[in-house]
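Work through the exercises below with the structure on screen. Try each task before reading its solution.

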Amino acid sequence: MATLQKIRNRGALLILFVGLALFAFIAEEGVRSLSSTRAESHQRIGEVFGKSINIQEYNQLVEEYVDVIKFSSGSENLTEEQMQQVRDQVWNTFVQNQLIEHEAEILGLTVTDAEMQEIIKNGQNPMLAQTPFRNQQTGAFDVEQLNQFLTQYKALKDQPGQNGEALAYYKQLYNFWTFVEKNIRQQTLASKYQKLLAKTFIPNPVNILNLYKGSSNEKDVVLATLPYSSIKDEVKVEENEFKTKYNEMKELFRISDPMRDIKFIDVAITASKADRDEITAELEEVAQQMQAEDADYANIIRKSGSTVSFNALPVRPSALPNDIAKELDSIAVGTQKGPYLNVADNTQNIIRVLSKASMPDSVQFRQIGVFVGDEAANKKTADSIMTALNAGVPFDSIARKYNQTGEETWITSAQYEGAVLDENNQKFITALCAQAAGTTQQVKLGNGIAILRVIERKNFVDKYTVAVVKRPNDFSNDTFNKTYNDFSQFVATYKTIEEIEANAMKSGYMVQERKNLFSTEHNIAGLSSTRDAFRWTFNEDTKVGEISEIYTCGNNDHLLIVMLTSKNDERFRSLESVRDFLKDEIERDKKATMLLEKMDACNDFAAVTKLQGILPVDTIHHVTFNAPVFLQSVGSSEPALSGAVSKAAKGQFVKGVKGNAGIFAFQVTGEENNSAEMDDVTKQNIKVQIVNQAVRASTRYTQELMEKGNVKDNRYLFY
């Protein structure tokens with residue numbers, strides 16, 4: 001009871017304490033929730049119709065596409081440029097699919113499993129032809145091969161202890177097929193939407209009649225042109241007129257991605273004279289080593305820092321760098337040139353011609369590989385095969401005995417030139433190229449033996465065995481450090497954009513400018529590896545007037561600073577960015593008003609031709625409503641003139657037509673009206689024409705959907 005009384009006596013204080021504790025708990029959870037929301041928002045790579053995709057989901061789509069490329073092309077790795085193209089393609093595909101799926105859901109459009117089965121069974125979709133499931137004779141997609149593969153894959157996957165390599169290949173092929181299937185479904189849905197959209201364009205009788213008359217009714221006119229260029233005095237534009245004109249034309253300035261204006265300094269790091277002298281001294285020593293009778297060219301060239309590896313095989317000049325190939329004819333066999341400077345690629349070079357011979361570019365051959373046991377057993381078997389071949393036993397029958405085909409095969413220079421070949425492959429190709437047609441020989445390859453029969457040799461060309469050293473004039477660490485320190489000192493001294501611009505030239509730097517840099521461009525100044533600089537440029541926290549840190553970019557041979565001069569995250573270009581365009585438009589409008597006033601005082605065509613600044617009279621034939629008149633005298637297409645002429649009667653004088661290049665007056669001198677009624681064929685052709693025009697125009701629906709879907713692309717924050 002005493003305890004209970006204490007609680008009662010301190011009730012108000014206890015309630016306050018509990019309330020504060022509860023508030024603290026709620027606040028803590030709120031902070032956690034807010035932090036979680038912020039963390040999640042920082043992971044969003046984009047958004048369409050309010051549906052976001054995070055970096056993990058996007059990367060998964062990218063990896064899926066990369067795996068398909070690797071599987072279908074056989075390549076192991078993609079370059080950074082190729083990866084960027086893949087990322088762009090994946091993003092564009094994602095956006096397109098989200099836009100279509102959103103509209104399709106509203107309309108009730110779907111692609112059912114039954115439809116997919118019918119598409120696959122039919123086999124006519126172009127993507128199906130890109131799969132391995134094709135008829136060997138016709139090359140057409142074969143659904144039976146697909147079904148057979150799917151059955152085999154399921155059985156292989158469900159059985160433990162299967163061959164790991166085989167299962168991995170089947171898994172890759174299955175992933176490739178699911179990618180194709182998914183894309184066919186998406187394409188089919190998009191096709192349904194487009195067809196539905198196209199069916200909404202129905203030509204009406206008035207439209208058909210107007211188009212018929214607009215192309216068949218022709219008029220001839222005499223034309224007087226008062227060009228805007230006839231006003232030589234400067235036209236003054238008031239500041240308030242810019243905003244008025246901007247608002248009037250604002251839709252023309254719509255943009256879909258964030259945009260920045262920047263200034264930047266790009267410093268290319270180049271080798272100093274001391275660096276070049278040091279490289280030359282090193283290569284003079286390499287040149288002496290290459291002249292030794294027992295020179296190990298592969299080892300010497302590898303240690304020299306050459307970008308061209310040694311290839312012991314004779315190759316065509318085209319397999320070598322162009323500048324090296326051009327020197328071959330001037331260097332005798334057994335001699336060398338260099339070291340010398342090639343200015344075009346800034347390299348020091350040494351060329352030693354080891355041999356030159358006329359050799360076949362293509363060789364047709366058969367082979368039997370002998371790998372039956374140890375070296376002695378292989379030799380015994382190979383000798384036995386050679387005895388049988390020399391006795392006239394058919395080559396393919398012996399090959400089949402050893403589970404080989406022995407089929408005739410062509411090998412060309414292009415198949416091995418430039419490839420990295422091991423010793424056995426080099427030995428194999430050397431033997432083939434040197435062997436006479438119609439002969440058979442044994443070639444020892446490791447522990448095994450290849451029995452080669454050359455059938456035919458074609459296209460004899462000059463081939464060279466060449467030892468090449470191509471060493472870039474790279475800068476040293478000392479040169480890099482000096483260039484960096486000098487630039488760093490410059491940036492530290494001048495802390496504003498204005499100061500940098502004022503002092504850059506005398507310090508040996510050049511300030512460059514880039515306006516209208518969009519977030520989808522991926523790099524700055526055309527340099528590679530500018531991801532960090534690009535991300536800084538578009539970061540929402542970067543303020544106009546700020547100067548970035550120094551970035552190392554390119555192939556670690558460029559230094560870059562970026563200065564942000566303008567940022568635009570809106571959906572329209574800023575007034576300042578289109579100021580020059582607006583000024584031209586306003587000046588043209590004012591000139592048009594001045595010229596219209598001059599022409600308004602004229603009561604007939606003759607009076608117009610006497611105005612100051614008027615161009616010589618033109619005679620224009622066959623003017624129709626549907627075809628804009630192009631005037632050679634002012635180099636301009638004038639749709640307004642075509643419309644005015646089509647409305648005028650024969651003999652009528654019309655003045656004050658405002659066009660793109662000037663103000664026009666004309667008099668109709670002739671008219672030809674096709675009063676014949678349309679026949680059914682003409683009417684049908686016009687209907688098709690109207691629908692085709694409308695459908696072509698409707699292909700711009702994606703841009704409209706992107707505006708409607710409020711597409712946000714934040715990839716520049718991640719890549």
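Two exercises follow, on the whole chain and on one arginine.

This is a predicted model, in which local features need pLDDT of at least 70, side-chain atom pairs count only at pLDDT 80 or more, and totals for chains, interfaces and linings use all residues. Residues are numbered from 1 along each chain as its sequence is written, and side-chain values use heavy atoms, with hydrogens and water left out.

**Exercise 1.** Decide whether the chain is spread out or a compact globule.

Solution.
- Start with the elements: the chain holds 24 helices and 18 strands (DSSP runs of H or I, at least four residues, and of E, at least two).
- Next, take the radius of gyration, computed over C-alpha atoms; the globule rule is 2.2 Å times the number of residues to the power 0.38.
- For 719 residues the rule gives 27 Å, but the chain has 38 Å, so it is more spread out than a compact globule.
- Add the spans: the C-alpha trace covers about 115 × 110 × 75 Å along its principal axes.

**Exercise 2.** Describe the surroundings of R366.

Solution.
- Locate R366: it sits in strand β6, residues 347-370.
- Check burial (under 20% relative accessible area, 1.4 Å probe, protein chains only). R366 counts as buried because its relative accessibility is 18%.
- List contacts (heavy atoms within 4.5 Å). Beyond its neighbours within four places in sequence, R366 touches several residues, among them F395, D396, G406 and I451.
- Look closer at G406: its backbone oxygen lies 3.1 Å from a polar atom of the R366 side chain.

How values were computed
Buried < 20%, exposed > 50% of the residue type's maximum accessible area, 1.4 Å probe, protein only. Polar contact = N/O pair within 3.5 Å; in protein donor to acceptor, adjacent residues only side chain to side chain.
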